[in-house]
Amino acid sequence: MRRSTVAFYGAAGVVVLTVTATMLLAPFSLSARVILPCVAIPLVDVTALVFAIRAARRPGLDAATRRAWLIMSLAFAALLTGTVLFIVYRDKSALFPSPGDLVRLGLFLPLMLAGVLSMPRRASGRLDRWKVILDVGAVLVGGAMVMWYFVVGPAVAGASGMEAADAAAALSYPIGDLLLLFGVTLVLVRGVDAAARLPMLLVGAGWIFEIISNAYLGWLASHPGTLAATAWQYCCWTTADVMLAAAAFEASRSEGAARLESVSRASVSRLPYLGVLVGLALLVVATLREGEIYPWTGLVLGALVLVGIVVLRQVATLRENHELAITDGLTGLANRSRLHDALGRALVRGQRSGQSTAVLLVDLNGFKQVNDGLGHAAGDRMLVEFAGMLRRAVLGSDVVGRLGGDEFAVVLHDIGTAANAQSVVRRLRQEMELPILIGDVVVQVRAAIGVALTGPGEHGADALLRLADESMYRAKRAERDGADPDVEELAAALGDAVAAGQMRVHYQPIATLPDGRIVGVEALVRWEHPERGTVAPLSFIPLAEETGAIRQIGAWVLEQAIAQVAAWRTAGHMLHLAVNVSPRQLEPGLADRVFAVLDTYGLPYRDLIVEVTESVRVEDPVAVAELRRLHERGIRIALDDFGTGYSTLRYLTALPVDILKIDRSFVAKLDGTPEGKVVAETVLRLSQMMHLETVAEGVESPGQAAELAGLGCVNAQGFHFARPMAAGAVSDLLAEQSAANV
Ligand code: C2E
Ligand code: MG
Ligand code: MG
């Protein structure tokens, strides 16, 4: 503790105790008992004023708090003036309002209220506002009951026998007291910065003593003759002013911003219960004093018990709410915030006991596939099952939590060595060996597990979690690399494949139905890998999309194919060209590059078809804009593999589509039966209604070709007509076809 703190509170304690002691010690006369407070209180007020001014000038506090303290400095100056006036006119101040009363009620109270209310408060929502109103209301009602019982009530009841001035005094002080009580409660309940909380609590506590002394004075006024020999009000005033001074003292040395973030605002204020308690206590006192057993004693007792029950019930609900707020609804594990708390506590405990703490971070592999493939209910099931595995793998006292999504964490307290943490990981892996059943699908749970361990006082919670996170990602990477060690090598080779001249373009003829005449070709890329031979696009296009190499590959294919088709056209074969374009290629500038290549080789815009799949995101404005630009110049857009992706119908309206390519999985179903042709027929009808062209993909048999022709499909491609082949082979085919036609 700092020396200034000891000095201040030591001195404050001495003042309060001395004044109290003088009250208690009978040897002094009444006037002697008053002399000491008359010296002590002004001194305390001066102290309060000095500290308030210091708070108002403290650079560490924010501007709003400093302004509030400036106003309160003025209030304390008024308080000091009022005190001095009271002392000077002490003997003549029996009549209300004395100069002291005027300064106190007219200056000190409004200034103090203004100062308190201008303390910066937290922003609050609508629900918060209601809570504040209710809490402040409870405190005010409690205060009002005190005032009514001791001051206002007796004044009203005995109005006839009371001096008008006494009645006015009896009313104005309670009103003033309640107003300031309102201000302080409002500020406290709404929540102030950490730096302002203690000072405001002290102002509130001081004000309670002020209220007690005023109640006591009111009591004296309405009961002339009783207790006339005591002067307890001086005791209360001294204590009240000491507390105001303490508030200013605390504010003058608090560091606003630094402590700001460390507060978590209590969700429930205890203040209203204070109001309830005071009100009930008064009720009991009044009932007992009346001495009337029937009916009041029983009724008041009943009311007391009822309120008690309601309060307990509320406490139970609050507990329950709190429990809900810190548990993960799906798995019943701790949620992120409880886990953080548990980790913080484990670290503190570890520091005390000299033990290590470890964190396991677990990320499920393949959760997305289960979720997407089997539905969300299945995904949830998997999470719940995995939560059970985690629980079984650790001790009951370890906290297991779900951080969100498919990420879990365990806090292992007092774990000892890293080997112990590893044995927990082994236990978890054992648990995971048993596959789980989701619906009628057997799923093997796989997960990447990260571990981080800290000795006592080595790392904080955040640092430890970060280490665990890094460890988990390392595990993930190791697992992925382990599953396919040459993916990385392949990805690297892909980057140089175009420059190394390893890419080829094959062409698959597109024919009209039913005559099978070749009217176009689709360009399909192949990779002639020096060691692996020909690599199919499905094995490297996804990788190229991931690494970005697809831009280079795509641009190369486009130019090759356009040049080739232009050459065929020069040779008299009027073909159109379809080229596949990946979503990653749909970037600003693509359309311009396509136009430039078409212009270079003189291929008409109408004869280029850009094929995109439903992996193009319709929400991506850049991709959609690029497609529009292509479309505006006459280039046609085809939706490839139509019907196999998501939100198919939305694509038709969001993208400028001209052609639907019926996926080969639907064509494969064509077997002459009505059931077999349902999808193909539906797609054909849909495109007719939307005035789109259709191309059937993957036609492998004459039967399928005939059936498609029967359904009104005009274009088709597939092994039945021709496989994808090198340009030379297509030239031969075209030559044959021309020869046949001649
Ligand atoms: P796609 O655009 O749907 O191409 C049609 C695929 O079906 C080709 O596979 C073709 O060989 C195959 N195919 C054609 N007729 C038949 C048939 O009758 N039966 C069967 N079973 N299959 C048939 P390929 O060449 O392996 O290409 C696979 C996918 O790779 C293409 O699907 C396309 O999405 C993508 N792709 C190919 N070349 C490129 C390219 O240059 N750029 C981009 N972005 N993607 C490409
Ligand atoms: Mg295609
Ligand atoms: Mg396709």
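## Surface and overall shape

Accessible areas here come from the Shrake-Rupley method with a 1.4 Å probe. On that basis the protein, which is a predicted model, exposes about 36800 Å², and carbon and sulfur atoms supply 62% of this area. Of the 742 residues of the protein, 44% count as buried, where buried means under 20% relative accessible area.

The protein has 26 helices and 15 strands. Its radius of gyration is 42 Å, whereas the globule rule gives 27 Å for 742 residues, so the protein is more spread out than a compact globule. The C-alpha trace can also be described along its principal axes, where it spans about 140 × 60 × 60 Å. When the contacts in the protein with a separation of 6 or more are considered, 71% of them are accounted for by residues 24 or more positions apart.

## The magnesium ion of ligand 2

The magnesium ion (ligand 2) is coordinated at 2.0 to 2.2 Å by Glu522 through OE, Asn580 through OD1, Glu611 through OE and Asp640 through OD. Written along the sequence, the spacing of these donor residues is E-x57-N-x30-E-x28-D. Glu611 belongs to strand β11 (residues 608-612) and Asp640 to strand β12 (residues 636-642), so this pair ties together parts that are 29 residues apart in sequence. Both Glu611 and Asp640 are buried; for Asp640 the relative accessibility is 5%, which is why Asp640 counts as buried.

## The magnesium ion of ligand 3

The magnesium ion (ligand 3) is coordinated by Asp640 (OD), by Asp641 (OD) and by Glu697, which is listed twice through OE, with distances of 1.9 to 2.5 Å. In sequence, the donor residues of this ion follow the spacing D-D-x55-E. Distant parts of the chain are again linked, since Asp640 is in strand β12 while Glu697 is in the loop between β14 (693-696) and α25 (702-710), 57 residues apart. With a relative accessibility of 10%, Glu697 counts as buried.

The two ions share a residue: Asp640 bridges the magnesium ion (ligand 2) and the magnesium ion (ligand 3), which lie 4.3 Å apart. Asp641, a donor to the magnesium ion (ligand 3), also lies in strand β12, but at 25% relative accessibility Asp641 counts as partly exposed.

## Helix α10 and its two sides

Helix α10 (residues 271-290) has 20 residues, and at 1.5 Å a residue these should span 28 Å; the end C-alpha atoms are 29 Å apart, which agrees with the expectation. Its buried residues are Pro272, Gly275, Gly279, Leu280, Leu282 and Thr287. Seen down the axis of α10, the buried residues fall within an arc of 155°, so they line one face of the helix. An α-helix has 3.6 residues a turn, so residues three or four places apart point the same way.

What covers the buried residues of α10 includes α5 (126-157) and α11 (293-325). On the face turned away from the buried side, α10 carries the exposed residues Leu277, Leu288 and Arg289.

## Helix α6 and the glycines after two helices

Helix α6 (residues 164-190) offers another example of the length check, for its 27 residues reach 39 Å from the first C-alpha to the last, close to the 39 Å expected at 1.5 Å a residue. After α6 comes Gly191, which has a positive phi near 95°. In a similar position, α10 is followed by Gly291, whose phi is positive and near 70°.

## Backbone features to look for

Most residues other than glycine have a negative phi, and most peptide bonds are trans. Against this background, Asp414 has a positive phi of about 45° although it is not a glycine. Asp414 is found in the loop between β3 (407-412) and α15 (418-433), and its relative accessible area of 31% makes Asp414 partly exposed. Asp641 likewise has a positive phi, of about 50°, although it is not a glycine.

A further feature concerns a peptide bond, for the one from Leu513 to Pro514 is cis, with omega near 0°. Pro514 lies in the loop between β7 (503-512) and β8 (518-529).

Methods. Residues numbered from 1 in each chain as written. Chains lettered and ligands numbered in written order. Predicted model: local features only at pLDDT ≥ 70, side-chain atom pairs only at ≥ 80, totals over all residues. Heavy atoms only, no water. Donors = N, O, S within 2.8 Å, 3.2 Å for Na, K, Ca; no water. Helix = DSSP H or I, 4+ residues; strand = E, 2+ residues; numbered from the N terminus. Buried < 20%, exposed > 50% of the residue type's maximum accessible area, 1.4 Å probe, protein only. Expected span 1.5 Å × (residues − 1). Arc of directions from axis to C-beta. Contact = heavy atoms within 4.5 Å. Rg over C-alpha atoms; globule rule 2.2 N^0.38 Å.
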